[in-house]
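Reader: Please show me the structure. Then I will ask about it, one point at a time.

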Amino acid sequence: MHVASIGIGPATILFLHGFPELWYTWRHQLISLSALGYRCIAPDLRGFGDTDAPSSPAKYTAFHIVGDLVGLLDALKIDKVFLVGHDWGAAMAWYFCRLRPDRVTAVVNLSIALNRNPDSVLNVVQEVGKVEEEFAEVETGKLMVKLFTLFSKPDPPMVPRETGFRGLPDPPSLPSWLSEEDVQYYASKFQKSGFTGGLNYYRALPLTGELMGPWAGGDSKYTVPAKFIVGDQDVVYVMVGIKDYIHSEEFKKEVPLLEEVVVMEGVPHFPNLVKPHEITQHILDFIKRF
């Protein structure tokens with residue numbers, strides 16, 4: 001497992017990235033929060049970047065990912081952490097809080113409120129190799145720009161069936177929060193690791209659901225203090241039913257210690273990149289209570 005680490009404070013923050021990201025997506029928060037006295041750790045999750053990438057989707061259940069992270073904490077001799085997750089990292093942070101709440105002091109999650117991925121997304125990626133073949137038709141740097149741009153709009157991602165991702169137009173310019181240097185870093189790592197690892201998170205979700213059977217129903221709840229942040233232009237937030245769920249009593253019932261829900265105006269799916277200083281402040285304001 002490849003791990004970025006900075007800071008030597010007594011309290012540790014563990015950052016979990018999403019797709020198509022790497023530890024690098026947390027660079028702003030790593031620098032800012034370590035300067036404020038926190039030990040900050042951001043791994044490339046299983047299947048990403050310089051971390052090992054098993055080929056089988058069955059190796060990417062939440063149990064595998066949480067197991068990796070518990071093993072990481074054990075190796076670093078860290079008892080408990082503050083968790084911060086975005087996208088798939090947020091999904092895995094929720095699972096971490098459910099499976100090993102004894103290792104988490106509090107959690108701040110971005111974009112994904114528990115695990116409610118629409119079946120339409122899962123169906124697209126289930127066939128191993130198909131999406132990878134489409135990705136391979138596009139130069140990796142251009143593909144990264146297309147992906148970040150595609151998921152930076154509130155509209156559901158639309159990919160032409162006939163041409164796949166190569167049929168998506170190149171954006172006229174990079175978003176203000178994504179530099180050419182950023183694109184090249186992501187591209188260099190995905191050229192090496194490929195995209196199968198990241199896509200396997202989607203493919204493993206049904207198996208995770210089966211394995212989570214013992215935690216279903218009853219009084220099993222998330223017992224870790226939580227804060228949730230989402231942009232009002234986030235493609236996930238505007239999906240049918242998601243916004244209603246986030247603002248419902250059901251979300252609060254499942255996460256009884258949910259202390260705050262923040263909706264950031266005009267912010268798309270990557271709030272930690274689009275509004276890095278605001279996200280850092282949101283994280284700090286919450287975790288300093290503990």
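Author: A definition comes ahead of the questions. Ala, Val, Leu, Ile, Met, Phe, Trp, Tyr, Cys and Pro count as nonpolar, Asp, Glu, Lys and Arg as charged, and the others, Gly among them, as polar. This is a predicted model, where local features need pLDDT of at least 70, side-chain atom pairs count only at pLDDT 80 or more, and totals for chains, interfaces and linings use all residues. Residues are numbered from 1 along each chain as its sequence is written, and side-chain values use heavy atoms, with hydrogens and water left out.

Reader: In what order do the seven strands of the open sheet stand?

Author: Strands (E, at least two residues) and helices (H or I, at least four) are DSSP runs, numbered from the N terminus. Two strands pair if DSSP finds at least two bridges between them. The pairing in this open sheet is mixed. The order is β1-β3-β2-β4-β5-β6-β7.

Reader: Which are the edge strands?

Author: An edge strand here pairs on one side only. That holds for β1 (3–6) and β7 (258–264).

Reader: Do β1 and β3 pair in the parallel or the antiparallel sense?

Author: Four bridges link β1 and β3. V3 stands opposite P43 in β3. The sense of β1 and β3 is antiparallel.

Reader: Which residue in β3 stands opposite L14?

Author: Strand β2 covers residues 12–16. Three bridges join β2 to β3, and the two run parallel. Opposite L14 in β3 stands I41.

Reader: Which residue of β7 is the bridge partner of G231?

Author: Strand β6 (residues 226–231) pairs with β7 in the parallel sense. Six bridges hold that pairing. The partner of G231 is M264.

Reader: Why is β2 largely enclosed by the rest of the structure?

Author: Buried means under 20% relative accessible area, exposed over 50%, and partly exposed in between (1.4 Å probe, protein chains only). T12, L14 and L16 point one way from β2, and I13 and F15 the other way. All of them are buried. So β2 is largely enclosed because its buried residues number five of the five.

Reader: How many residues of β3 are buried?

Author: Strand β3 spans residues 39–43. It is mostly covered. The buried count is four of its five residues.

Reader: How far apart in space are L30 and F15?

Author: L30 sits in helix α1 (residues 27–35). L30 is buried, at 4% relative accessible area. In sequence, L30 and F15 are 15 residues apart. C-alpha to C-alpha, the distance in space is 8.6 Å.

Reader: Which two residues does a cis peptide bond join?

Author: Most residues other than glycine have a negative phi, and most peptide bonds are trans. In the cis bond, omega is about 5 degrees. P20 lies in the loop between β2 and α1. The cis bond joins F19 and P20.

Reader: What is phi of D87 near?

Author: D87 lies in the loop between β4 (81–86) and α3. At 8% relative accessibility, D87 counts as buried. Its phi is positive, in a residue other than glycine, and is near 60 degrees.

Reader: And what is phi of S111 near?

Author: The loop between β5 (104–110) and α4 (119–125) holds S111. S111 is buried, at 1% relative accessibility. Its phi is also positive, near 80 degrees.

Reader: How many residues of α3 are buried?

Author: From its first C-alpha to its last, α3 reaches 16 Å. That is close to the expected 16 Å, where the expected span is 1.5 Å times one less than the number of residues. W88, M92 and L99 are among the buried residues of α3. The buried count is twelve of its twelve residues.

Reader: What is the volume of the second largest cavity?

Author: On a 1 Å grid over the protein atoms alone, a cavity is a set of points where a 1.4 Å probe fits but cannot get out. Grid points are joined across faces, edges and corners, and a volume is the space filled by probe spheres set on the points. The structure holds two cavities of 30 Å³ or more. The second largest has about 30 Å³.

Reader: Which element gives the largest share of the lining of the second largest cavity?

Author: Lining residues have an atom within 4 Å of a point. Ten residues line this cavity, and Y60, M92, Y201, L205 and T208 lie nearest its centre. The elements that give two or more residues are α3 (88–99) and α9 (205–211). The largest share, three residues, comes from α3.

Reader: How many residues of that lining are nonpolar?

Author: No charged residue lines the second largest cavity. Two of the lining residues are polar. The nonpolar ones number eight.

How values were computed
1 Å grid on protein atoms, 1.4 Å probe; cavity = no way out; pocket = protein on both sides within 12 Å on 5 of 7 lines; lining within 4 Å.
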